Amino acid sequence: KQLSDGNAPNSPAVNVNSDDRAAPLTPRETARGQDSQSETPPPKKGCEIHQRLAHTVSDFPSGVIGITLIYALVPGHPTDARTAGSACLLCAWLLHYVHRGLIHPWVMDYSGKTTPLGICVGGMIPNWTFCTALALHLAYAGYPPGYVCDARFIAGAIIFVIGYVMNRWADLHLRSIRRASIARGGPKYVVPKAGPFRLVCNANYLGELIQWCGFAIMTSSCVAVLWVLFCLSTFLPRSVRTLAWYKKSDHFAESDLPPNWCAVIPFIL
């Protein structure tokens, strides 16, 4: 995730000015920086770094450069090193992190210009840990050359693409409704109701969870499963707080919210 804008804790609602409703950061938000829909920037303590640069430094070196170099330079599987299967799995990971580290931070809106350097450094720890573990897995797993035709790879790839598209769309939709509201002089708070936002208030988190579930199926690895659990452990509590904020906020009537709105998992939570 992940550094951001909005008003409720991880809320897509529009707020031009940050207020005092920010919830405490979850472990993943502390590690990676706030995600693109969080409310206010973290309290300023000590050395500060530009939000956009911090996001890039936190995600890009480990998620793109580091994992690629480790995968390419370690000895690898003795007979099936660097097969098409492992290369395609690496490309799927890079597809997310090239966007996450180079594009997302520079096109999204942030409520503050700087963030504590500690959050940036903290974000590098889990990123480097998982990227190193995944690179070693891909290098040593010895996926057969025809693994791209395996049912696990195909099913996982389909799920991955669905989640990836949902995650990208949700971020862009939140940005567009925020800017449109400001441009027409409308209210600062807007409830997103399009697409998957009709079911959950954190469609961006839902998309990323679906994406990583697909990746776990593609790789059939414990490393990828642990990554899903790591994301889930922070997405769930943050999303629950976001939904609670919407329901308690004075800015919305109950009729403004989609019926049976859930936090992040449709029809369940």
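**Exercise 1. Where is leucine 257 found? Work out its position, its burial and a partner distant in sequence.**

Solution. This is a predicted model, so read every value as a property of the prediction.

- Step 1: Place the residue. Leucine 257 lies in the segment after helix 7.
- Step 2: Judge its burial. The cut-off for buried is under 20% relative accessible area. Leucine 257 has a relative accessibility of 13%, so it counts as buried.
- Step 3: Look for a partner. Valine 191 is 66 residues away in sequence, yet the two C-alpha atoms are 7.0 Å apart in space.

**Exercise 2. Describe the overall make-up of the protein chain.**

Solution. Start with the elements and then turn to the surface.

- Step 1: Count the elements. The chain has 7 helices and 2 strands.
- Step 2: Put them in order. Along the sequence the pattern reads α-β-α-α-β-α-α-α-α.
- Step 3: Consider burial. Of the 269 residues in the protein chain, 53% are buried.
- Step 4: Consider the surface. Its accessible area is about 11,300 Å², and carbon and sulfur atoms account for 70% of that.

**Exercise 3. Which residues does UniProt list under "transmembrane region", and how much helix is in the stretches 117–139 and 212–236?**

Solution. Take the record and then check it against the model.

- Step 1: Read the record. An unreviewed UniProt entry lists residues 117–139, 151–170 and 212–236 for this feature.
- Step 2: Check residues 117–139. This stretch is 100% helix and 0% strand, with its end C-alpha atoms 33 Å apart.
- Step 3: Check residues 212–236. Here the chain is 92% helix and 0% strand, and the end C-alpha atoms are 15 Å apart.
- Step 4: Look inside residues 212–236. Serine 220 sits in the loop between helix 6 (203–219) and helix 7 (222–248).

**Exercise 4. Compare the spans of helices 2 and 3 with the expected values, and locate their bends.**

Solution. Take each helix in turn, span before bend.

- Step 1: Span of helix 2. Its 23 residues reach 32 Å from first C-alpha to last, close to the expected 33 Å.
- Step 2: Bend of helix 2. The helix bends by about 40° at phenylalanine 60, and proline 61 follows within four residues.
- Step 3: Span of helix 3. Residues 84–107 make a helix of 24 residues that reaches 33 Å, close to the expected 34 Å.
- Step 4: Bend of helix 3. A kink of about 40° is centred on arginine 100.

**Exercise 5. Is helix 6 largely enclosed or exposed, and what follows it?**

Solution. Work from the helix to its end.

- Step 1: Check the span. Helix 6 has 17 residues, which should span 24 Å, and its end C-alpha atoms are indeed 24 Å apart.
- Step 2: Count buried residues. Because 14 of the 17 residues are buried, helix 6 is largely enclosed by the rest of the structure.
- Step 3: Move past the end. Next comes serine 220, with a positive phi near 50°.
- Step 4: Rate serine 220. Its relative accessibility is 41%, so serine 220 counts as partly exposed.

Phenylalanine 267 makes a useful companion. Its phi is also positive, near 70°, in a residue other than glycine. Phenylalanine 267 belongs to the segment after helix 7 and is exposed, at 70% relative accessible area.

**Exercise 6. Which residues touch the most other members of the largest nonpolar core, and which elements build it?**

Solution. Begin with the residues and widen out.

- Step 1: Find the best-connected members. Among the 46 residues of this core, Ile67, Trp93, Trp212, Phe215 and Trp227 touch the most other members.
- Step 2: List the elements. Those giving two or more residues are helix 2 (51–73), helix 3, helix 4 (117–140), helix 5 (151–183), helix 6 and helix 7.
- Step 3: Find the largest share. Helix 6 supplies it, with 8 residues.
- Step 4: Bring in the domains. At least three core residues come from each of domain 1 (47–89 + 110–146) and domain 2 (150–268).
- Step 5: Look elsewhere. Another core, of 9 residues, lies apart from this one and includes Leu243, Trp245, Tyr246 and Ala263.

**Exercise 7. Find a partner distant in sequence for aspartate 171 and for glycine 112.**

Solution. Give each residue its place, burial and partner.

- Step 1: Aspartate 171 is in helix 5 and is buried, at 3% relative accessibility.
- Step 2: Its C-alpha atom is 6.2 Å from that of asparagine 204, 33 residues apart along the chain.
- Step 3: Glycine 112 is in the loop between helix 3 and strand 2 (114–116), and counts as buried at 15% relative accessibility.
- Step 4: The C-alpha atoms of glycine 112 and histidine 50 are 8.8 Å apart, with their positions 62 residues apart along the chain.

Notes
Residues numbered from 1 in each chain as written. Predicted model: local features only at pLDDT ≥ 70, side-chain atom pairs only at ≥ 80, totals over all residues. Heavy atoms only, no water. Buried < 20%, exposed > 50% of the residue type's maximum accessible area, 1.4 Å probe, protein only. Areas by Shrake-Rupley, 256 points an atom, 1.4 Å probe, with all protein chains shown as cover. UniProt positions renumbered as here; feature names shortened; annotations may be inferred. Expected span 1.5 Å × (residues − 1). Bend = angle between axes of the 7 residues up to and from the residue. Core = buried A, V, L, I, M, F, W, Y, C linked by side-chain atoms within 4.5 Å. Domains from an automatic or database assignment.
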